[in-house]
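Thank you for coming, everyone. Please take a moment to look over the structure on the screen before I begin.

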Amino acid sequence: MADRAVGGFSTASLDYVPADPATHSPAHARFHGSISTKLPNNWRVERTGYAAFRNKDRGLWLFGRLFWDMDPYSYLALRVKSDGRRYTVNIQTDSIVETDIHQHRLYTRHHRVQEASDEDLSSHEAAAEESPEVYPSRVPPSLSDVPPESTIMSTSTSTETAGTTGWETILLPLNAFVRTNHGLVVEPQTSILRQRVKSIGIGLTDRVEGPYDLRIHKIWATNGMSEAEIEEERRICGVDALPVDEGVRSGWTRESAQQHTSPQEAPKAKKGLKALRSEWDQ
């Protein structure tokens with residue numbers, strides 16, 4: 001979908017790209033096109049410059065509509081190859097307001113930034129104190145330009161590092177998605193109905209004119225990178241591969257985690273459901 005539906009001039013295509021053994025590129029989907037902010041000759045249209053896609057509905061069965069159940073999982077994982085533009089991940093559920101969408105920025109290594117200066121930090125803290133939890137007067141962390149600490153992504157900070165394939169896997173916490181309606185953050189904020197997910201998609205609404213190109217190998221719900229998945233992760237992502245999540249490896253038990261980590265490493269391991277388990281134990 002694109003703003004052409006309302007008379008705009010942006011384009012959007014979603015193509016299947018077969019695997020290429022020569023470059024070790026996996027089979028994937030290519031979301032591409034061009035963004036235009038040109039307005040049509042229609043006084044009702046005030047903004048253009050967007051494109052998006054989502055999966056097809058699961059359809060109906062004997063007892064009504066079919067949904068995806070993501071309740072057992074903590075993260076939405078996406079393995080992508082990005083051009084660095086400001087894409088947004090959209091999750092739509094069977095909510096009371098049908099047009100509500102939960103959104104999260106699709107961060108990649110392009111969005112990693114140097115440590116902010118003391119002046120930037122102080123100004124950010126001052127703004128947070130004035131409006132700590134009020135939207136849309138303050139941009140939620142999950143939609144900001146700086147990846148929040150809750151986002152699990154590659155530690156690589158360079159797009160030219162030897163051994164990189166361009167592919168990377170990003171884990172977005174499901175509890176960090178922000179409820180929006182027609183692109184605006186709304187109150188009150190509500191959690192995602194994980195048992196009744198209708199669709200998942202990716203959109204581009206940065207309104208920056210020009211071409212875009214995003215490759216998507218896989219989207220799935222997870223609790224962290226498992227040992228069964230690490231071979232595929234390393235083969236596709238190369239040096240940008242995520243490590244095995246300690247919580248998934250250990251079964252989220254403190255005893256088995258100690259068998260895989262040294263005393264010096266143990267305090268640093270706070271990813272996945274292992275972090276939640278440590279909070280419960282406290």
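I will start with the whole protein, then turn to one strand and its partners, and end with a pocket and a single valine.

What you see is a predicted model, in which local features need pLDDT of at least 70 and side-chain atom pairs count only at pLDDT 80 or more, while totals for chains, interfaces and linings use all residues. Residues are numbered from 1 along each chain as its sequence is written, and side-chain values use heavy atoms, with hydrogens and water left out.

The protein has 5 helices and 13 strands, where helices (H or I, at least four residues) and strands (E, at least two) are DSSP runs numbered from the N terminus. Of its 282 residues, 41% count as buried, meaning under 20% relative accessible area with a 1.4 Å probe and protein chains only. Among contacts with a separation of 6 or more, 70% join residues 24 or more positions apart, a contact being heavy atoms within 4.5 Å.

Which strands pair with β13? Strand β2, residues 28-35, pairs with β13, residues 210-222, in the antiparallel sense over 7 bridges, and strand β6, residues 75-81, also pairs with β13 in the antiparallel sense over 7 bridges; two strands pair if DSSP finds at least two bridges between them. On the β2 side, R30 has R215 of β13 as its bridge partner, whereas on the β6 side R79 stands opposite K218 of β13.

That lysine leads us to the second largest pocket, since K218 is among the residues that lie nearest its centre, together with F53, N55, I200 and I219. A pocket here is an open set of points on a 1 Å grid over the protein atoms alone, where a 1.4 Å probe fits, with protein on both sides within 12 Å along at least five of seven lines, and lining residues have an atom within 4 Å of a point. The lining of the second largest pocket numbers 17 residues, and β13 gives the largest share of them, 6 residues. Strands β3 (51-54), β12 (197-204) and β13 each supply at least two residues of that lining, which divides into 12 nonpolar, 2 polar and 3 charged residues, with Ala, Val, Leu, Ile, Met, Phe, Trp, Tyr, Cys and Pro counted as nonpolar, Asp, Glu, Lys and Arg as charged, and the others, Gly among them, as polar.

Finally, is V185 buried or exposed? V185, which lies in strand β11, residues 184-185, counts as buried because its relative accessible area is 14%.

Note on methods:
Buried < 20%, exposed > 50% of the residue type's maximum accessible area, 1.4 Å probe, protein only.
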